[in-house]
Amino acid sequence: MTLTQVRPDQAPPASAVAPRRLVPRRHPRASSPLIRDGIGMATWLSLLVVVGLWVAGGGVQDLTGWGSGLTSIGRLTGLLSSDLLLIQVLLMARIPVVEQAYGQDELAGRHRLVGFTSFNLMVAHLVLISAGYAATAGINPFVQFWEMVVDYPGMLLATAGTGFLILVTVTSIRKARKRLRYESWHLLHLYAYLGVGLAIPHQLWTGQEFLASPVAAIYWWTLWIAAAGAVLVWRLGLPLYRTLRHDLRVSAVVRESPDIISVWMRGRDLDRLPVASGQFFTWRFLTGPGWTRGHPYSLSAAPTGDTLRITVKDLGDGSRALAEVPVGTRVAIEGPYGRLHAGARSRPKVTLMGSGIGITPLRAILEDLPQRPGDVTVIYRASTEHDLVLTRELEQLATQRGARLFHVVGPRVAGRDSWLPQQAVHLSDADALRQLVPDIADQDVYLCGADGWMASARTAALSCGVPSSRIHLERFTW
Ligand SMILES: Cc1cc2nc3c(=O)[nH]c(=O)nc-3n(C[C@H](O)[C@H](O)[C@H](O)COP(=O)(O)OP(=O)(O)OC[C@H]3O[C@@H](n4cnc5c(N)ncnc54)[C@H](O)[C@@H]3O)c2cc1C
């Protein structure tokens, strides 16, 4: 296997890392598992409250008749659907405590699950309510459905909202999503907010629970205001405030290799920006019409009092365009986000495992993670020597900080999921990791790279005895 440990006598000249003033920062703290449990319980509790309100509103008594029974179950599915819809909005509102508890990759997964469940319940609501009213009135369900849409208050808006939600859900089915450009899909996805805004108010005008019970009215109003408030504060207000407050501008664009560039940015009072190495922002470079497309990139150098840096691989039109961004361009930021930071550490010794462009956040962590010589091991996996980036910096930082740095270079192992290159096919994934880091079981492991590679590296770490709570990772795809 091509495992190169870079030794101090091979270290590059000091010029590879420009002298930079790192300011002491308070590292974000790792979120307690109790917070995750609390958020999960709150979700279930909210569903329980909704069922309770339905029961209190006579939902069970209505089950005795055919028509009233269908209508009653239809009401319940509608209420549960609305509840999950608002919970979704809360999940994706970038509320810091929620973001730190789950991380955006896991949140995106939960959002998907909650979203599809909510959608299915909404469809059940439409069918059951139409069938129930039709059975009671003794008319055709399709005629009944049409009458409801045109005659009942708020229903035209609700129909339009449902249309938007159908659009968002259909384009989120994996097959359809793969056919769309990420930006087009994301833009369509924003129509979900419009869908929620239009679909839910009919509950206010026609919903039995809502009209009959002050407790129900208080519950729903609180949930709606919380969801709308969270979006206004954390998705719009805070990013706008931080963008204006720190006034970031591109100060240099440096080509690191034919397909990789680094963008340096200068800004005001960046020591006040609560960001840590390993975290990422969604960046918008305000060069013109393309500013609406934000892209997530991790910091590739520890933040200083006045500079931030990202390192970007050309993987599509957005990342390619960055090479042409003029110096002086204003930059809007959303974040910082991400749980891959020093606060997640629970052991003195740490192994940083990165592959490809996934090395960027680990490079930043290596730079300012408090450490004694020998505490940190960096394992950097790439397909070819040519694919290694920021190598001179990494080598110099490893020397300065007393960290061990391994390059693990070579094509993938054929026929088996593995974090190793083909040359190491004779080793098991765990044995190879133990060879490089004999005391890995007593360390924290930070992972960043391609999804499949990270899954293999995580499995290897688990097999070596590292508990999952000590494996911290950032996915570059959601
Ligand atoms: C948390 C995180 C940190 C990242 N850090 C880095 C980094 O430090 N360096 C680096 O080179 N790359 C990083 N990426 C990947 C980078 O965001 C994508 O490569 C880039 O957005 C691609 O955009 P594009 O227009 O060039 O390509 P496109 O062809 O438009 O997109 C290619 C793929 O990138 C993903 N993508 C595009 N836009 C977004 C978006 N706004 N949000 C989430 N995913 C998106 C989608 O999976 C898409 O299919 C990171 C991604 C994430 C999620």
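## Exercises on salt bridges and helix packing

R75 has a relative accessibility of 12% and therefore counts as buried. The model is predicted, and the exercises below use values computed from it.

**Exercise 1.** Identify the salt bridge between D62 and R75, place both residues, and compare their burial classes.

Solution.
- Step 1, contact: the side chains of D62 and R75 form a salt bridge with an N to O distance of 3.3 Å. The cut-off for such a pair is 4 Å.
- Step 2, location: D62 sits in the loop between α1 and α2, R75 sits in helix α2, and 13 residues separate them, so that the pair links distant parts of the chain.
- Step 3, burial: D62 is at 23% relative accessibility and therefore counts as partly exposed. R75, at 12%, counts as buried, because the limit for buried is under 20%.

**Exercise 2.** Describe how α2 is arranged relative to α1 and relative to α12.

Solution.
- Step 1, α1 and α2: the two axes come within 10 Å of each other and cross at roughly 150 degrees. α1 and α2 are therefore roughly antiparallel, since angles over 145 degrees fall in that class. Their crossing is right-handed.
- Step 2, α2 and α12: helix α12 covers residues 214-246 and packs against α2 at an angle of about 25 degrees, the axes being 8 Å apart. This makes α2 roughly parallel to α12. The crossing of α2 with α12 is left-handed.

**Exercise 3.** Which residues make up the nonpolar surface patch that includes L63, and where does L63 lie?

Solution.
- Step 1, members: the patch consists of V51, V55, V60, L63 and I73, with a joint accessible area of about 350 Å².
- Step 2, position of L63: L63 is in the loop that runs between α1 (33-56) and α2 (66-91).
- Step 3, exposure: the relative accessibility of L63 is 39%, so L63 counts as partly exposed.

**Exercise 4.** For the salt bridges D259 to K313 and R347 to D442, give the distance, the elements joined and the exposure of each partner.

Solution.
- Step 1, D259 and K313: the closest N and O atoms of this salt bridge are 3.2 Å apart. The pair links distant parts of the chain, with D259 in the loop between β2 (248-257) and β3 (260-266) and K313 in strand β6 (residues 307-313), 54 residues apart. D259 is partly exposed at 28% relative accessibility, and K313 is partly exposed at 24%.
- Step 2, R347 and D442: here the closest N and O atoms are 2.9 Å apart. R347 is in the loop between β7 (330-337) and β8 (350-355), and D442 is in the loop between α16 (429-436) and β11 (444-449), so this salt bridge ties together parts 95 residues apart in sequence. R347 counts as partly exposed at 29%, as does D442 at 43%.

**Exercise 5.** Put these details in the context of the whole protein: how many helices, strands and salt bridges are there?

Solution.
- Step 1, secondary structure: there are 17 helices and 12 strands.
- Step 2, salt bridges: the whole structure holds 20 of them. D247, R249, R268 and R330 are linked in a salt-bridge network.
- Step 3, extent and burial: the C-alpha atoms fill a box of roughly 90 × 50 × 40 Å along the principal axes. Of the 478 residues, 50% are buried.
- Step 4, one long separation: L462, in helix α17 (residues 451-463), is 401 residues from Q61 in sequence and 53 Å from Q61 in space, C-alpha to C-alpha.

Notes: Residues are numbered from 1 along each chain as its sequence is written. This is a predicted model: local features need pLDDT of at least 70, side-chain atom pairs count only at pLDDT 80 or more; totals for chains, interfaces and linings use all residues. Side-chain values use heavy atoms; hydrogens and water are left out. Patches are made of residues with over 30% relative accessible area and no salt bridge: like charges are joined within 9 Å, nonpolar side chains (Val, Leu, Ile, Met, Phe, Trp, Tyr) within 5 Å. Accessible areas come from the Shrake-Rupley method with a 1.4 Å probe; for residues, only the protein chains shown count as cover. Helices (H or I, at least four residues) and strands (E, at least two) are DSSP runs, numbered from the N terminus. Buried means under 20% relative accessible area, exposed over 50%, partly exposed in between (1.4 Å probe, protein chains only). Axes are lines fitted to C-alpha atoms, for helices over the stretch in contact, and angles run from 0 to 180 degrees between N-to-C directions. Angles under 35 degrees count as roughly parallel, over 145 as roughly antiparallel, 65 to 115 as roughly perpendicular and the rest as oblique. A crossing is left-handed if the near helix is turned anticlockwise from the far one by less than a right angle, and right-handed if clockwise.
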